[in-house]
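Here are some comments on the coordinates you sent round, set out as numbered points. Please keep the structure open while reading them.

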There are 2 protein chains.
Amino acid sequence: MTVVTLKVIAKATGKSITTVSRALNDYDDVSEATKELVRQVAADLGYVPNIFAQRLQKQHTDTIGLILPTFGPRFSDPFFSELLAGVGNRAADLGYDLLVATRAPGEEEVQAYCSMVQGRQVDGFVLVRTRRKDARIECLKKADYPFVAFGRAEEDNDFPYVDEDGVYAMRLVIQHLVSLGHRRIACISPPPDLMFATYRSQGFQDGLAEAGIGAEDLLFRVGDLTQRDGYEQAIVLLDLPSPPTAIVSCNDLMAFGAMSAAQDRGLVVGKDISITGFDDIPMAEYSHPSLTTIHQPIYQIGGMVCEMLIQLIRGEALEKEHILLKPELMVRQSSGLLTV
Amino acid sequence: MTVVTLKVIAKATGKSITTVSRALNDYDDVSEATKELVRQVAADLGYVPNIFAQRLQKQHTDTIGLILPTFGPRFSDPFFSELLAGVGNRAADLGYDLLVATRAPGEEEVQAYCSMVQGRQVDGFVLVRTRRKDARIECLKKADYPFVAFGRAEEDNDFPYVDEDGVYAMRLVIQHLVSLGHRRIACISPPPDLMFATYRSQGFQDGLAEAGIGAEDLLFRVGDLTQRDGYEQAIVLLDLPSPPTAIVSCNDLMAFGAMSAAQDRGLVVGKDISITGFDDIPMAEYSHPSLTTIHQPIYQIGGMVCEMLIQLIRGEALEKEHILLKPELMVRQSSGLLTV
DNA sequence: GTTGACTTCCAAAACGTTTGGGTGTACAGT
DNA sequence: ACTGTACACCCAAACGTTTTGGAAGTCAAC
């Protein structure tokens with residue numbers, strides 16, 4: 001099975017390589033008849049262009065990069081599979097490939113970015129889960145590489161991103177809980193170096209302040225975003241001398257863990273205690289009780305980020321550099337009236 | 001910022017391009033002194049080889065392909081994120097890139113395989129979720145392309161795979177439920193064209209037969225593997241005139257849905273009804289009640305499949321072409337003694 | 001002083017494309 | 001008969017690497 005190249009088609013049609021190439025690319029200095037002939041023969045022979053030769057020549061790769069931060073071996077976050085589907089499908093629609101590198105966050109991850117950047121393996125990057133001092137952003141900006149982030153960064157926000165308004169979202173949650181009569185509200189927050197933790201914690205504090213509730217350090221815990229840790233942190237909260245009547249988790253996975261913890265303690269979630277999440281992953285609707293949470297259109301966000309990146313790569317102007325989505329509160333059964 | 005090529009280094013060191021290339025690749029017909037010099041200059045200039053030129057020349061890509069079957073827009077299966085992490089991390093360890101294409105199963109998916117194969121974009125494929133008549137397998141075999149599957153195929157199993165023994169696993173589940181006193185056992189199975197559905201259904205039937213329980217068509221439902229559908233199918237089962245006392249789901253996600261359904265009906269899972277899953281995704285341990293399920297080492301399987309594929313690509317002999325893992329039953333709280 | 005072995009280096013071809021700058025023909029306008 | 005121009009085509013260079021097949025130099029042995 002010898003591989004079909006332009007040369008083979010050239011020989012078969014009696015034309016030159018140049019003409020074959022131009023015919024296939026629909027240049028207008030090739031006669032219609034020749035084009036037809038070339039296309040026919042190419043199809044018959046099953047010609048497929050060698051993508052590496054093309055890329056070497058054209059100096060761009062038609063590939064976008066995405067580095068998936070995999071926390072630990074049992075990495076399994078429905079949030080990321082949905083995001084990945086969003087990015088991947090849109091990329092395919094626009095004729096781009098998706099190169100995924102899985103790395104644990106840290107030194108090695110930044111390394112991976114740099115080498116993909118310098119090796120020009122991809123035309124641009126999708127950055128997920130921005131951090132406060134984000135070495136990846138510095139690296140990409142320094143190299144003047146196109147990228148779009150899902151999430152903002154500290155102060156200096158001078159790069160294209162899509163994000164949801166975490167502050168506003170958390171205020172919605174607190175307002176909802178306060179309206180149900182809750183005053184002792186705990187929070188399980190992500191590690192503070194994650195940018196979205198900042199916004200969500202801020203929103204939590206703001207919400208409390210608006211309701212005239214003082215913050216209590218004991219009611220604020222940091223979790224690692226897994227269901228397991230949501231469970232652990234909730235146990236700590238429930239074992240306090242004066243436990244909270246509501247737990248606000250900064251993602252759905254930890255909220256599920258917290259629900260299990262409460263239920264293991266014999267509490268009825270939505271009655272004895274209210275628990276809320278953030279993300280609205282598909283499972284949120286079908287858990288028991290169903291989870292009150294903030295809806296993020298993850299799949300669509302993936303698509304938007306991908307599309308912005310490709311526009312950037314193509315040198316087209318972005319309609320909006322910064323997109324901040326207004327999130328929506330999904331009230332379900334895990335939150336309910338405070339029963340005294 | 002001009003790009004650093006071998007030519008630049010050659011100029012800078014006063015050597016030829018050949019020598020620079022060979023120095024960098026540690027050939028032994030370059031003097032130690034020259035090697036040192038070249039390496040030094042290359043590092044100073046920040047040389048990174050152009051990967052496409054290399055690939056064009058070497059005729060292999062150091063990339064493996066993985067096509068993720070994304071069912072619908074709200075695709076979000078923790079199973080796949082864990083598998084992806086397993087494949088991706090092992091690939092990185094072995095110096096390979098991972099090209100991920102997300103496609104909905106169907107015509108277009110097969111298309112994607114074919115074009116990646118013919119375009120020689122990847123050295124080999126990881127195939128996930130094999131199907132009965134799997135067009136992807138035919139395509140890859142016909143093209144004589146290296147691939148390793150997670151899952152077997154019908155009869156003609158003549159390709160390398162890793163799989164778990166689904167028949168055995170389901171028999172374990174049934175034995176467990178029978179030992180708890182259950183006789184009316186329902187099954188929520190995946191779509192039957194998925195190969196693993198065959199094994200798990202078979203195991204289900206075998207288990208019932210062993211226990212001397214007759215199969216009832218009404219107790220056998222097909223779901224689409226999502227939590228939502230697990231919920232729907234469980235509702236149908238619970239609404240039967242004579243509902244089951246145990247529901248065996250063929251994956252964890254549907255089991256979670258079924259649990260919610262039972263709980264919405266006011267049943268206590270693990271007492272009034274037993275529910276089991278399959279996969280043991282991380283959430284299974286922290287749901288409420290925790291889920292009795294079959295453990296699959298998904299992350300490790302990803303690594304194994306990846307490693308086998310790379311051995312295949314490198315032309316090394318596989319120690320074992322077919323790996324069939326003996327699964328383990330994790331008894332947790334969602335299954336309990338039948339209370340009459 | 002010729003031979004051979006060894007070390008160190010290099011020119012040129014190759015991988016499969018794309019593209020800038022041609023060439024040759026035909027035919028119209030002057 | 002010359003110029004202009006439209007058309008269909010193709011040569012050759014370029015992209016950045018690896019590799020083949022030497023060449024040039026040194027040294028020792030005969």
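**Notes on a sheet and two helices**

1. In this predicted model, A:Ala186 has A:Ile247, a residue of strand 8 of chain A, as its bridge partner. The pair belongs to a wider contact between strands, since strand 6 (residues 185–189) and strand 8 (residues 246–249) of chain A run parallel and are joined by 4 bridges.

2. Those two strands sit within an open sheet of 4 strands in chain A, whose order is 7-6-8-9 and whose pairing is parallel. Strand 7 (220–222) and strand 9 (274–276) of chain A each have a single partner strand and stand at the edges, so one side of each is left without a neighbour in the sheet. On average, and with direction ignored, neighbouring strands of this sheet are turned by 15° against each other.

3. Helix 8 (residues 166–179) of chain A lies across strand 6, strand 8 and strand 9 of that chain, and its direction makes an angle of about 165° with strand 8.

4. Turning to chain B, helix 9 (residues 195–210) has 16 residues and reaches 23 Å from its first C-alpha to its last, which is close to the 22 Å expected at 1.5 Å a residue. Just after this helix, B:Gly212 takes a positive phi of about 70°.

5. Which residues of helix 9 of chain B are buried? Among them are B:Phe196, B:Tyr199, B:Arg200, B:Gly203, B:Phe204 and B:Gly207. The cover over the buried residues of this helix includes helix 8 (166–179) of chain B, together with strand 5 (161–164), strand 6 (185–189), strand 7 (220–222) and strand 8 (246–249) of chain B.

Technical notes. Residues are numbered from 1 along each chain as its sequence is written. Chains are lettered from A and ligands numbered from 1 in the order in which they are written. This is a predicted model: local features need pLDDT of at least 70, side-chain atom pairs count only at pLDDT 80 or more; totals for chains, interfaces and linings use all residues. Side-chain values use heavy atoms; hydrogens and water are left out. The expected span of a helix is 1.5 Å times one less than its number of residues. Buried means under 20% relative accessible area, exposed over 50%, partly exposed in between (1.4 Å probe, protein chains only). Contact means heavy atoms within 4.5 Å. Two strands pair if DSSP finds at least two bridges between them. Axes are lines fitted to C-alpha atoms, for helices over the stretch in contact, and angles run from 0 to 180 degrees between N-to-C directions.
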